[in-house]
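Visitor: I should like to learn how to read the fold and surface of a chain. Could you guide me through an example?

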Amino acid sequence: MSFHSTAADLVTFAAEGGGEHGGNHESLSPYLTGGGALFILLLLLWITTRFNRDR
């Protein structure tokens, strides 16, 4: 397989979306994912502020 034909196949695959619709998985909720990320970041912020009491 040459570089040109491989590149052409990859472009065709990317244009079709790889057989998926938009790349989103059915079981992933964007609100649940975002809420979980927000919770983790707030937890890390709270932990960080507990260790910096002397400032």
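Guide: The discussion below turns from secondary structure to the surface. Please note that this is a predicted model.

Visitor: How many helices and strands does the chain have?

Guide: The chain has two helices and zero strands. Helix H2 covers residues 30-51.

Visitor: Which residues does UniProt list as a transmembrane region?

Guide: An unreviewed UniProt entry lists residues 28-47 under that term. In the model, this span is 90% helix and 0% strand, and its end C-alpha atoms lie 28 Å apart.

Visitor: What share of the chain is buried?

Guide: A residue is called buried when its relative accessible area is under 20%. Here, buried residues account for 0% of the 55 in the chain. The accessible surface amounts to about 5500 Å², and carbon and sulfur atoms contribute 67% of that.

Visitor: Which residues form the nonpolar surface patch?

Guide: The patch consists of Phe39, Ile40, Leu41, Leu43, Leu44, Trp46, Ile47 and Phe51, together offering about 890 Å² of accessible area.

Visitor: Why is Phe51 classed as exposed?

Guide: Phe51, which lies in helix H2, is classed as exposed because its relative accessible area is 69%, and the cut-off is over 50%.

Conventions: Residues are numbered from 1 along each chain as its sequence is written. This is a predicted model: local features need pLDDT of at least 70, side-chain atom pairs count only at pLDDT 80 or more; totals for chains, interfaces and linings use all residues. Side-chain values use heavy atoms; hydrogens and water are left out. UniProt positions are given in the numbering used here, feature names are shortened, and annotations may be inferred rather than shown by experiment. Helices (H or I, at least four residues) and strands (E, at least two) are DSSP runs, numbered from the N terminus. Patches are made of residues with over 30% relative accessible area and no salt bridge: like charges are joined within 9 Å, nonpolar side chains (Val, Leu, Ile, Met, Phe, Trp, Tyr) within 5 Å. Accessible areas come from the Shrake-Rupley method with a 1.4 Å probe; for residues, only the protein chains shown count as cover. A salt bridge is a side-chain nitrogen of Lys or Arg within 4 Å of a carboxyl oxygen of Asp or Glu. Buried means under 20% relative accessible area, exposed over 50%, partly exposed in between (1.4 Å probe, protein chains only).
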